[in-house]
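Q: Hi! I have a protein model open and would like to go through it with you. Could you help me read it?

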Amino acid sequence: MNKAATGIGAKAQIDFPCLEDGCDGIVKFNLSDVSSRNFQAVCPKCHKTYQLDGALRDKLGRMLELILAIRNSEDILGDSNVSVNVAGGEVKIPYALLLTRLNTLITLSVGDRKVDFHLWIEPSSPDTFR
Ligand SMILES: [Zn+2]
């Protein structure tokens, strides 16, 4: 595990539905573990193992970097808003709300299948985003 990944601990988790036919297991792993070359994810139900190829590990690795960048900017983002124009005015949505309340879903190709990866991120401190 590299140094940057250590800092994020267990805070960034990814899960995706098992690809095995008839299995409804949810495969979970820590994003920070993905950088390891021999990384494997295991379905808790059918015990199918998933080895992510280089391209996929690269994408997930860059996603981790993005998360770390966001983490580094928490104090700035905590004061920032996204402005959305609506009929009759403007609504300001704090970035913090976007980061904590919305679940992030990314769809990546695994072999010939499209898989929805569900990403869970927690702020480094429960006080950061209120
Ligand atoms: Zn399974």
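Q: Let's jump right in: which residue in β6 is the bridge partner of Val 82?
A: The partner of Val 82 is Ile 93 in β6. A quick word on names: helices (H or I, at least four residues) and strands (E, at least two) are DSSP runs, numbered from the N terminus.

Q: Good. Before I go on, what kind of model is this?
A: This is a predicted model, where local features need pLDDT of at least 70, side-chain atom pairs count only at pLDDT 80 or more, and totals for chains, interfaces and linings use all residues. Residues are numbered from 1 along each chain as its sequence is written.

Q: And what is the mean pLDDT of the protein?
A: The mean is 76, and 78% of the residues reach 70 or more. The pLDDT is the predictor's confidence in each residue, from 0 to 100.

Q: Which element has the lowest mean pLDDT, and which the highest?
A: Helix α1 (residues 3-8) has the lowest, 45, while β3 has the highest, 92. Over residues 1-10 the pLDDT is below 50, and beyond near neighbours in sequence this stretch has 14 contacts in the model. Two residues are in contact if their C-beta atoms, placed from the backbone, lie within 7 Å. Where pLDDT is low, the predicted coordinates should not be read in detail.

Q: OK, back to β6. How does it run relative to β5, and how many bridges join them?
A: Strand β5 (residues 81-86) and β6 run antiparallel, joined by six bridges. Two strands pair if DSSP finds at least two bridges between them. The β5 and β6 hairpin has two residues between the strands, and Gly 88 takes a positive phi near 90° there.

Q: How many of the six residues in β6 are buried?
A: Zero, and strand β6 (residues 89-94) is hardly covered. A residue is buried if 20 or more other C-beta atoms lie within 10 Å of its own, exposed if 12 or fewer, and partly exposed in between, with C-beta atoms placed from the backbone.

Q: What about the whole protein: how many helices and strands are there?
A: There are four helices and eight strands. From the N terminus on, they run α-β-β-β-β-α-α-β-β-α-β-β. Buried residues make up 12% of the 130 residues.

Q: Which residues form the largest nonpolar core?
A: That core has eleven residues: Ala 12, Ile 14, Phe 16, Cys 18, Val 27, Leu 31, Val 34, Cys 43, Leu 60, Leu 64 and Phe 117. The elements that give two or more residues to this core are β1 and α2 (54-72). The largest share, three residues, comes from β1. A nonpolar core is a set of buried Ala, Val, Leu, Ile, Met, Phe, Trp, Tyr and Cys residues joined through C-beta atoms within 7 Å.

Q: So which side chains of β1 point to the buried face?
A: Ala 12, Ile 14 and Phe 16 do, whereas Gln 13, Asp 15 and Pro 17 point to the other face and are not buried. Strand β1 also pairs with β2, antiparallel, over five bridges. In that pairing, Pro 17 stands opposite Ile 26 in β2.

Q: And α2, which of its residues are buried?
A: Leu 60, Leu 64 and Arg 71 are buried in α2. They lie on the same side of α2 because they cover an arc of only 50° around the axis; the arc is that of the directions from the helix axis to the C-beta atoms. The face turned away from the buried side carries exposed residues, including Arg 62, Glu 65 and Asn 72.

Q: Switching to loops: is His 47 buried or exposed?
A: His 47 counts as exposed because it has 11 C-beta neighbours inside 10 Å. This residue lies in the loop between β3 (41-42) and β4 (49-50). His 47 has a positive phi of about 65° although it is not a glycine. Most residues other than glycine have a negative phi.

Q: One last one: what does Glu 20 contact, leaving aside neighbours within four places in sequence?
A: Glu 20 is in contact with Cys 43, Cys 46 and Lys 48. Glu 20 sits in the loop between β1 (12-17) and β2 (26-30), and with 14 other C-beta atoms within 10 Å, Glu 20 is partly exposed. Glu 20 and Lys 48 are 28 residues apart along the chain, yet their C-alpha atoms are separated by 7.5 Å.
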